[in-house]
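Reader: Before we turn to single residues, I would like to learn how such a structure is read, step by step. Could you take me from the general idea of each feature to the case at hand?

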Amino acid sequence: MTEKTSTFLVTHAEDDSAVLKDVHDGQVHTLSSNPGVEADDAVEATVEPEPPMEVTWSVVEIDDRRPLTVHESDEPPTSHERDIAAEQGVGDLERTERAGIGEIHVLSVPSEETEDAVADVLDDEGTLSRAARLGVNRVEVRSEDGTVSVRYLP
């Protein structure tokens, strides 16, 4: 194996080790030491396997490190997000670009399942991986009956 440069999500961190997940290919890298990262950080880094068995990895260089946050907002979806939801069927997802950096995802769900859908988005590691991949720092989840908007924001 050779060095690998990518964007990683820190899925687990302790004083003496950390686990990085490549947000592009899903490969998991267990680090033999913690280079100063915390769980839910996005890290632009180069890692390399440690000899002789190449089971654990070490960080060669960190180019960028940023904490990621996911939270539920008290604000309802915007009128644009509600319009998108009204035009799509239940179970559909529409992705739209934001002006600047990020994306907005609008999900149409059965009204009685809105709270569960919000909880799923908040607890999904994929939400953080997508934020890391998009280069944003925070994710804001807004909802009202039948509509969930997931806003990936700088």
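Author: We begin with secondary structure, where helices (H or I, at least four residues) and strands (E, at least two) are DSSP runs, numbered from the N terminus. This is a predicted model, and its protein chain comes to 3 helices and 10 strands.

Reader: In what pattern do the helices and strands follow one another along the sequence?

Author: Read along the sequence, the pattern is β-β-β-β-β-β-α-β-β-α-α-β-β. As for overall dimensions, the C-alpha trace spans about 55 × 30 × 25 Å along its principal axes. Among contacts between residues at least 6 apart in sequence, 54% join residues at least 24 apart.

Reader: What share of the residues counts as buried, and what does the chain expose?

Author: Buried means under 20% relative accessible area, and exposed means over 50%. By that reading, 41% of the 154 residues of the protein chain count as buried. The chain exposes about 8300 Å², of which carbon and sulfur atoms supply 43%. On the side of charge, there are 12 positive and 37 negative charges, and their mean positions are 5 Å apart.

Reader: How should I read a helix in these terms, and which residues of helix α1 are buried?

Author: One lists the buried residues and then asks where they fall around the axis. In helix α1, which covers residues 79-87, the buried residues are E81, I84 and A85. Seen down the axis of α1, these residues fall within an arc of 100°, so they line one face of the helix. A86 and E87, on the other side of α1, are exposed. The cover over the buried residues of α1 includes the strands β7 (93-97), β8 (103-108), β9 (138-144) and β10 (147-153).

Reader: Which members of the largest nonpolar core touch the most other members?

Author: A nonpolar core is a set of buried nonpolar residues joined through side-chain atoms within 4.5 Å. The largest one here has 17 residues, and those that touch the most other members are L68, A131, V139, V141, V148, V150 and Y152. Helix α2 (114-123), helix α3 and the strands β9 and β10 each supply at least two residues of this core. There is also a second, separate core of 10 residues, which includes L31, V43, V47 and W57.

Reader: Taking V141 as one case, which residues does V141 touch?

Author: Not counting residues up to four places away in sequence, V141 touches H71, E72, S73, V118, V121, L122, V148 and S149.

Reader: And T127: is T127 buried or exposed?

Author: With a relative accessible area of 3%, T127 is buried, because buried means under 20%. T127 is found in helix α3, residues 125-134, and, leaving aside neighbours within four places in sequence, T127 is in contact with V70, V121, V139 and Y152.

Reader: As a chemist I also look at the backbone torsions; where is the cis peptide bond?

Author: The peptide bond from P51 to P52 is cis, with omega near 5°. P52 is found in the loop between β4 (41-49) and β5 (57-67). The loop between β4 and β5 also holds E54, whose phi is near 55°, a positive value in a residue other than glycine. At 28% relative accessibility, E54 counts as partly exposed.

Reader: What is the phi of D40, and where does D40 lie?

Author: Phi of D40 is near 75°, again a positive value in a residue other than glycine. D40 has its place in the loop between β3 (28-31) and β4, and at 33% relative accessibility D40 counts as partly exposed.

Reader: Finally, how far apart in space are the C-alpha atoms of V90 and S108?

Author: The separation along the chain and the separation in space are read side by side. V90 and S108 are 18 residues apart along the chain, while their C-alpha atoms are separated by 4.8 Å. V90 is found in the loop between α1 and β7 and is exposed, with a relative accessible area of 61%. Leaving aside neighbours within four places in sequence, V90 is in contact with S108, V109 and P110. For another pair, D74 and E140 are 66 residues apart in sequence and 9.9 Å apart in space, C-alpha to C-alpha. D74 lies in the loop between β6 (69-72) and α1, and at 83% relative accessibility D74 counts as exposed.

Key. Residues are numbered from 1 along each chain as its sequence is written. This is a predicted model: local features need pLDDT of at least 70, side-chain atom pairs count only at pLDDT 80 or more; totals for chains, interfaces and linings use all residues. Side-chain values use heavy atoms; hydrogens and water are left out. Buried means under 20% relative accessible area, exposed over 50%, partly exposed in between (1.4 Å probe, protein chains only). Contact means heavy atoms within 4.5 Å. The arc is that of the directions from the helix axis to the C-beta atoms. Accessible areas come from the Shrake-Rupley method with a 1.4 Å probe; for residues, only the protein chains shown count as cover. Lys and Arg count as positive and Asp and Glu as negative; His and the chain ends are not counted. The place of a charge is taken as NZ of Lys, CZ of Arg, CG of Asp or CD of Glu.
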